[in-house]
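Work through the exercises below with the model open beside you. Try each task before you read its solution.

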Amino acid sequence: MIEIFSAADLPRAKASGRFVATVLQGVQDRVKVGTNLLEIDQWAREMITDAGARSSYVDYDPSFGDGPFGHYICTSVNDAVLHGMPYDYALKNGDLLTLDLAASLQGIVTDAAVSFIVGVSPNPSDLRMIESTQRALEAGIEAATPGARIGDISHAVGSVLTAAGFLINTDFGGHGVGSTMHQDPHISNTGRPGRGYKLRPGLLLAIEPWVMADTAELITDPDGWTLRSATGARTAHSEHTIAITDEGPVILTI
């Protein structure tokens with residue numbers, strides 16, 4: 001399903017995006033060495049509930065997961081890159097943490113993710129990897145203009161990641177959002193320009209470059225959800241939800 005919203009819906013989309021960004025920033029600001037992943041999940045739960053919003057994760061039960069996710073935020077640590085299920089783990093100095101949050105406010109879902117280093121003295125290679133996903137995200141957003149194609153976004157993202165020396169996994173990528181979290185069109189993190197669905201004003205897209213330091217192969221944890229690098233290498237993930245408008249892409253989750 002692909003939903004196209006009217007210009008009158010944009011204020012609701014912006015409100016949802018601001019909320020998701022606020023929760024992510026609020027949680028990130030509280031994280032420190034010794035913070036437990038289950039604490040992070042509780043913080044997200046409280047902020048979502050207090051705002052009258054709805055989690056997109058708690059009851060999420062897709063074919064690639066093992067039953068309903070059951071938590072309010074994804075917390076992926078070090079070699080975990082996607083769908084990190086919170087568990088009883090206290091963060092250590094130097095851990096690379098990705099927070100990924102999707103929530104519905106005023107009937108519209110927005111989705112965003114941020115990677116950062118816990119504590120002090122971060123590894124320069126970790127910072128370079130995070131920065132590469134951020135630059136790829138910026139390139140993907142810049143390519144998301146009315147009349148462009150999904151392949152133009154994928155090509156822009158993939159060009160940055162490949163130039164930075166990373167291998168690209170195409171099993172998971174960006175996607176449409178709207179009244180539900182995961183919709184068509186799929187946005188691979190590499191692709192050919194000029195191909196795929198034509199971008200129209202009113203389309204909401206979550207663009208999410210993610211990489212693993214030395215591999216493109218994923219393995220799944222026994223929890224049935226958490227996806228890790230097959231080599232144990234560190235990972236990074238950046239994501240924004242945007243709206244396609246007549247004037248160009250508008251970042252909602254900022």
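The exercises go from the whole chain to single strands and residues.

This is a predicted model, in which local features need pLDDT of at least 70, side-chain atom pairs count only at pLDDT 80 or more, and totals for chains, interfaces and linings use all residues. Residues are numbered from 1 along each chain as its sequence is written, and side-chain values use heavy atoms, with hydrogens and water left out.

**Exercise 1. The whole chain**

Task: Find how many helices and strands the chain has, and check its radius of gyration against that of a compact globule.

Solution:
- Step 1. Count the elements. There are four helices and 14 strands. Helices (H or I, at least four residues) and strands (E, at least two) are DSSP runs, numbered from the N terminus.
- Step 2. Apply the globule rule: 2.2 Å times the number of residues to the power 0.38, with the radius of gyration taken over C-alpha atoms. For 254 residues a compact globule would have a radius near 18 Å; the chain has 17 Å, so the two agree.
- Step 3. Look at the spans. Along its principal axes the C-alpha trace covers about 45 × 45 × 35 Å.
- Step 4. Check burial. Buried residues are 57% of the 254. Buried means under 20% relative accessible area, exposed over 50%, and partly exposed in between (1.4 Å probe, protein chains only).
- Step 5. Check the contacts (heavy atoms within 4.5 Å). Of those with a separation of 6 or more, 69% link residues 24 or more positions apart.

**Exercise 2. Strand E4 and its partners**

Task: Which strands pair with E4, and in which sense?

Solution:
- Step 1. Recall the pairing rule: two strands pair if DSSP finds at least two bridges between them.
- Step 2. Start with E5 (residues 108–117). E4 (residues 96–105) pairs with E5 in the antiparallel sense over 10 bridges. Leu99 stands opposite Val114, and Ala103 stands opposite Thr110.
- Step 3. Inspect the turn. E4 and E5 form a hairpin with two residues between them, and Gln106 in the turn has a positive phi of about 55 degrees.
- Step 4. Move to E2 (residues 74–77). E2 and E4 run antiparallel, joined by four bridges. Thr75 is the bridge partner of Leu99, and Cys74 that of Asp100.
- Step 5. Add E1 (residues 54–55), joined to E4 by two bridges in the antiparallel sense. Here Arg54 is partnered with Ser104.

**Exercise 3. Two faces of a strand**

Task: Sort the residues of E4, E5 and E2 by the way they point, and decide whether they are buried or exposed.

Solution:
- Step 1. Use the rule. In a regular strand the side chains alternate between the two faces of the sheet.
- Step 2. Sort E4. Leu96, Thr98, Asp100, Ala102 and Ser104 point one way; Leu97, Leu99, Leu101, Ala103 and Leu105 point the other way; all are buried. With 10 of its 10 residues buried, E4 is therefore largely enclosed by the rest of the structure.
- Step 3. Sort E5. One set is Ile108, Thr110, Ala112, Val114 and Phe116; the opposite set is Val109, Asp111, Ala113, Ser115 and Ile117; all are buried.
- Step 4. Sort E2. Cys74 and Ser76 lie on one side, Thr75 and Val77 on the other, and all are buried.

**Exercise 4. Thr35 and Arg45**

Task: Is Thr35 buried or exposed, and what is it in contact with?

Solution:
- Step 1. Place Thr35. It is in the loop between H1 (10–30) and H2.
- Step 2. Read its accessibility. Thr35 counts as buried because its relative accessibility is 3%.
- Step 3. List its contacts. Beyond neighbours within four places in sequence, they are Arg30, Ile40, Trp43, Tyr89, Ala90 and Leu91.
- Step 4. Take one distance. Thr35 and Ala90 are 55 residues apart along the chain, yet their C-alpha atoms are separated by 5.3 Å.
- Step 5. Turn to Arg45 in H2 (residues 37–50). Arg45 counts as partly exposed because its relative accessibility is 41%.

**Exercise 5. Backbone details**

Task: Where is the cis peptide bond between Asp184 and Pro185, and what phi do Asn78 and His83 have?

Solution:
- Step 1. Find the cis bond. It joins Asp184 and Pro185, with omega about 0 degrees. Pro185 is in strand E7 (residues 183–187).
- Step 2. Check Asn78. It is not a glycine, but has a positive phi of about 60 degrees. Asn78 lies in the loop between E2 and E3 (80–82).
- Step 3. Check His83. It is not a glycine either, and its phi is positive, about 60 degrees. His83 lies in the loop between E3 and E4.
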